[in-house]
Amino acid sequence: MSVLLQFVHPVARKSRANRALLDAARAVQGVTVNDLYELYPDFHIDVAREQALLEAHAVVVFQHPFYWYSAPALLKEWQDLVLAAGFAYGPGGTRLRGKTLGSALTTGGAAEAYSPTGHNRYPIRALLAPFDQTAHLCGMRYAEPFVVHAAPRLSDAALAEEGARYADWLRALAAGAPV
Amino acid sequence: MLVQAFIYLAAAALAVPVAKRLGLGSVLGYLLAGAALGPSVLNLAGSAAELGHFAEFGVVMLLFLVGLELRLSELWAMRARLLGLGGLQVVVTAGLLAALGLAADVAWPAATAGGVILALSSTAIIIQTLQEKRLMGTPGGQATFSILLFQALAIIPILALWPLLGGGGGAGEAGHGAAAAGRPGWQVALGYLGGLAAIIAAGRFLIRPLFRAIARTGLRELFTVAALLVVVGIAAITEAVGLSAALGTFIGGVLLADSEYRHELVADIEPFKGLLLGLFFITVGASLDMPLIAREPVAILALLGAMVLVKSGVLLALGRLFRLGWDQTLLLALVLIVGDEFAFVLISLSRAQGVLGAEQAGLLTATVALSMALTPLLFLAYERIVVPRLIAARAPAKAADEIDPAAVRDHEVIIAGFGRVGHVVGRMLRAHGRTATVLDLDSDYIELIRKLGFKVFYGDATRLDLLHAAGAAHAKIFVVAIDQPAQSLALVETLQKHFPHLTLLVRAEGRVHAYELQKRGVKFFYREMLGSALDLGEATLRQLGHGAHEAHRAARAFRRHDEEAVRALAEHWEDDDVYFSEARKSIEAFEKMFEDDRATPPSDPAWAPAAPEDRSRG
Ligand SMILES: Cc1cc2nc3c(=O)[nH]c(=O)nc-3n(C[C@H](O)[C@H](O)[C@H](O)COP(=O)(O)O)c2cc1C
């Protein structure tokens, strides 16, 4: 099954973690990389093109740094415009039904911080509820998220390891495995 | 020689700026400087003839450069217009003038020579004036260019056939100094054809390899040397076979126009040309026969009158024949009246061949020079008298039957100027169901736009009656999208005075225009180059590897900063010292902004804890 990787980073040039992940992802067969900030620097999203891409892939992955407990702004704009009524939800909105949605993110905070006792108070899975529910409304399965914690502190070698783990995760999604 | 060079240069340095100040153009400045130095005024010119020979090389270089601008392929593409418009202009004008000459009892070779000499128009003067007045892009400007191109090309046959005048006619004086003297015309012409073939062959097989070899050495000065060598070489060869050096280099130029070294050649020859051509004009001025002019004012005025009437008459007819609007036709007719600097070459050639007598040559020289003095005045007349009259004559009639007040009553927007800027605005509005009333001044362009389905009213938007007819009293928004700052400001003033309720959105040419608009209280102005400059900057950053979004934000940041700066600087721009120091500060502030990296989303380390056990953050 083919994977549409929506890469969402406003300044990829300065990214370490997401770039490392992206490099690993590019080597995985069947992955189409769609760099949203590169395509729509002015937030003017080509809705028809994006919808066609969605229809052509069985798995959709949002890869992004965790910004303010969510994704960078362009992904929100993308959702607002592309996941239109009659396409993704609502009457006649069945085009995404049966597909899989996955989140792949890097955070500044460590894993321990994302717990009831940690600074961020909520587990990461709970903070991703809007994505989960979005998938649900569109009739998609929401895969277990792929998370790299404390990304800015990771060494290059550690990032490379995370890259390999990411590639496995993507391959499993592509194979239709229940991750 | 040094003293003389000093005198000439000093005269030029004085006269040219003065002439330019007076709006008369540099050519006239040189001519006046020459006239002042000439024997009848200051008598400082010394042996003008000696220098003159040297100076004629300026013309040779000019023709080389004109040739370089003409690619055979482009010429071919516009052949119909060239031949039709240009061909008819030269042939009919020269024919009529020659006929007038014959009627006045001038021998046919002299009459023909005079006709051709007066029919040509100065490429240098006209192109420069059209560019100065921003008329190059108008249909009239384009037609003018076609005619000038044809004239440039016509130089080949003219020079090739010129000796026939000397050989065939019995009325001319005996030729002296001409290489062709004494041989029958056909033989001479045949010899010339051989010479031409030689130049074409040299251009193909000698010059290009030479340049390639020099380019490989990488020595910049060597290129200048080679460029001069080519021009001088061609000139020498052509003169040796009895052809005009000017013709030879012109053909050489055309042959090299498609070569990869065109730009280097232009850059290398240009300064020499400028200098020598200036010298040439000075010597022409110095050789103006003042006593003759004083003695024969009637003859000169008659010649000038014939030149003006015949040339403009033929051009008027041609303009209408080739379907130009009246305003464009008049532009064509006025701008092309001026005589050609090349005429001076033809005159001295004819003198040498004995086609023209000394007095005839003197009269023609004076006429052509006077026509050059006339050009700036004709232009003034066009701008001050013809354009307003034409509009006065046309606008009411058109306005009355075309702008039906009831039809435009519910239009909220009026757009003045429907060119590259205005038409985008108009289309955007129309796409949103907001029809605007559109005014434009270019009759030919309006025809074109109408064919595309836009309703555009012809008329000068600065006229109050037209503004009323267009519904300015009911409209809410007025978009001033005309490209001439002076007109734009005049329109803004009229609107502010008579329709103060309108919101004005104004296209600004650049900073100065923007400052002028602010002085008049215009809040919404948009500089026409800013958008594409930002696009270009953004694209360049992207090509350098910056992300698309980052580059886009940089462009947006620049725009915001610059819009603020252009408003802040407006109050200072008349005071140079303050202005430049403020402008520098503003530039530095902008660059500092990117050093601080505030314009891109921060990659804030505070989100990541310094050590795993630090739970205070992230
Ligand atoms: C605007 C902004 C908001 C951020 N918000 C969070 C956040 O809510 N939680 C978190 O753990 N890290 C946050 N971070 C840290 C980023 O997630 C971290 O720098 C990123 O994952 C590193 O990946 P990169 O090298 O690909 O940029 C934020 C960073 C920025 C710049």
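**Close-up 1. B:D562, a buried acid in a salt bridge of the predicted model.** B:D562 has a relative accessibility of 8% and counts as buried, because the cut-off for burial is under 20%. Its salt-bridge partner here is B:R511, with the closest N and O atoms 2.8 Å apart. The pair links distant parts of the chain, 51 residues apart. B:R511 lies in helix α23 (residues 511-519) of chain B, and B:D562 in helix α25 (residues 548-568) of chain B. B:R511 is partly exposed, at 27% relative accessibility.

**Close-up 2. The salt-bridge network around B:R511 and B:D562.** Both residues belong to a network of salt bridges. B:R527, B:R559, B:E563 and B:R567 are also linked in this network.

**Close-up 3. A salt bridge between a loop and a helix in chain A.** A:E144 pairs with A:R125, the closest N and O atoms being 3.7 Å apart. A:E144 sits in the loop between β5 (141-142) and β6 (146-148) of chain A, and A:R125 in helix α5 (residues 124-127) of chain A, so the salt bridge ties together parts 19 residues apart in sequence. A:E144 is partly exposed, at 42% relative accessibility. A:R125 is also partly exposed, with a relative accessible area of 29%.

**Close-up 4. A salt bridge within helix α7 of chain A.** A:R171 and A:D168 form a salt bridge, their closest N and O atoms 3.4 Å apart. Both lie in helix α7 (residues 156-174) of chain A. They are 3 residues apart, about one turn of the helix. A:R171 is partly exposed at 44% relative accessibility. A:D168 is partly exposed at 46%. Over all chains, the count comes to 24 salt bridges.

Technical notes:
Residues are numbered from 1 along each chain as its sequence is written. Chains are lettered from A and ligands numbered from 1 in the order in which they are written. This is a predicted model: local features need pLDDT of at least 70, side-chain atom pairs count only at pLDDT 80 or more; totals for chains, interfaces and linings use all residues. Side-chain values use heavy atoms; hydrogens and water are left out. A salt bridge is a side-chain nitrogen of Lys or Arg within 4 Å of a carboxyl oxygen of Asp or Glu. Helices (H or I, at least four residues) and strands (E, at least two) are DSSP runs, numbered from the N terminus. Buried means under 20% relative accessible area, exposed over 50%, partly exposed in between (1.4 Å probe, protein chains only).
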